[in-house]
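Student: I would like to learn how the labels on a protein model are earned. Can we go through one together?
Tutor: Yes. Ask what each word rests on, and we will test it.

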Amino acid sequence: MKTQYLHLSAYSCDKCAGPVVAGSLAVRENEISKETDIRQVGAICLSCGHRQCKGTEADVTRNFPPVHWEPTKVIAASHSSTHWAN
Ligand SMILES: [Zn+2]
């Protein structure tokens, strides 16, 4: 079964040293396969809004554990909410 994983990492901003959060979405075709179709979804500083793609060389990037992402549940929820009137 095809599954999606959300990856998050954080590093400090070049401008204000605040936390820059970067995300990417990867797809796994099944339990044992490697992640494919990795899409970077951009990075932004939570403190000043500066869009910074990479941490500085001296900085340490903190990687968070990947989260299993289930988009079908979100779609199902939004569909049911359109039937309130019925
Ligand atoms: Zn910043």
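Student: How many helices and strands are there in the protein?
Tutor: There are one helix and five strands. Keep in mind that this is a predicted model. Along the sequence the pattern reads β-β-β-β-β-α.

Student: What makes the arrangement around the zinc ion tetrahedral?
Tutor: Start with the donors. They are the SG atoms of Cys13, Cys16, Cys45 and Cys48, at 2.3 to 2.4 Å. The cut-off for a donor here is 2.8 Å. Now take the angles. Four donors count as tetrahedral if all angles lie between 85 and 135 degrees. The angles here are 103 to 115°, so the arrangement is tetrahedral.

Student: What is the ideal value for four tetrahedral donors?
Tutor: The ideal angle is 109.5 degrees.

Student: How are the donor residues of the zinc ion spaced in sequence?
Tutor: The spacing is C-x2-C-x28-C-x2-C.

Student: Why can we say that Cys13 and Cys48 tie together parts that are apart in sequence?
Tutor: Look at where each one lies. Cys13 is in the loop between β1 and β2, and Cys48 is in the loop between β3 and β4. These parts are 35 residues apart in sequence, so the pair ties them together.

Student: Is Cys13 buried or exposed, and how do you know?
Tutor: Buried means under 20% relative accessible area. Cys13 has 5%, so Cys13 is buried.

Student: Why is Cys48 called partly exposed?
Tutor: Partly exposed sits between the 20% and 50% cut-offs. Cys48 has a relative accessible area of 42%, so the label is partly exposed.

Student: Which residues make up the largest nonpolar core?
Tutor: There are six: Tyr11, Cys13, Val20, Ala22, Ala43 and Cys45. The elements giving two or more residues to this core are β2 and β3.

Student: What makes it a nonpolar core?
Tutor: Its members must be buried, of a listed nonpolar kind, and joined through side-chain atoms within 4.5 Å. In general, nonpolar side chains tend to be buried together in soluble globular proteins.

Student: Which residues is Ala43 in contact with, beyond its neighbours within four places in sequence?
Tutor: Ala43 is in contact with Tyr11, Val20, Val21, Ala22, Arg51, Gln52 and Cys53.

Student: Gln52 is on that list. Why does Gln52 count as buried?
Tutor: Its relative accessibility is 5%, which is under 20%, so Gln52 counts as buried. Its place is in the loop between β3 and β4. Gln52 touches Tyr11, Ser12, Cys13, Asp14, Val20 and Ala43, not counting residues up to four places away in sequence.

Student: What share of the residues of the protein count as buried?
Tutor: Of the 86 residues, 22% count as buried. Ser24, in strand β2, is another buried residue to check. Its relative accessible area is 8%, so Ser24 passes the 20% cut-off.

Student: What is Ser24 in contact with, leaving aside neighbours within four places in sequence?
Tutor: Its contacts are Tyr5, Leu6, His7, Ile38, Arg39, Gln40 and Val41.

Student: What is notable about the phi of Ala17?
Tutor: Ala17 has a positive phi of about 65°, although it is not a glycine. Most residues other than glycine have a negative phi. Ala17 sits in the loop between β1 and β2.

Student: Why is Ala17 called exposed?
Tutor: Exposed means over 50%. Ala17 has a relative accessible area of 57%, so Ala17 is exposed.

Student: How do you know that Arg28 lies over the face of Tyr5?
Tutor: Arg28 is at 4.6 Å from the ring centre. The distance cut-off is 6 Å, and the charge must also be within 35 degrees of the ring normal. Arg28 counts as lying over the face of Tyr5.

Student: How many aromatic pairs does the structure hold?
Tutor: Zero. A pair would need ring centres within 6.5 Å.

Student: Why are Glu29 and Thr36 both called partly exposed?
Tutor: Glu29 has a relative accessible area of 42%, so Glu29 falls between the cut-offs. Thr36 has 35%, so Thr36 does too. Glu29 is in the loop between β2 and β3, and Thr36 is in strand β3. Glu29 is in contact with Thr36.

Note on methods:
Residues are numbered from 1 along each chain as its sequence is written. This is a predicted model: local features need pLDDT of at least 70, side-chain atom pairs count only at pLDDT 80 or more; totals for chains, interfaces and linings use all residues. Side-chain values use heavy atoms; hydrogens and water are left out. Helices (H or I, at least four residues) and strands (E, at least two) are DSSP runs, numbered from the N terminus. Buried means under 20% relative accessible area, exposed over 50%, partly exposed in between (1.4 Å probe, protein chains only). Contact means heavy atoms within 4.5 Å. Donors are N, O and S atoms within 2.8 Å of the metal (3.2 Å for Na, K and Ca); water is not among the atoms, so sites may look incomplete. Four donors count as tetrahedral if all angles lie between 85 and 135 degrees; four count as square planar and six as octahedral if opposite donors are over 155 degrees apart and all others between 65 and 115; anything else is irregular. Rings of Phe, Tyr and Trp (its six-membered ring) pair if their centres lie within 6.5 Å; planes under 30 degrees apart count as stacked, over 60 as edge-to-face and the rest as tilted.
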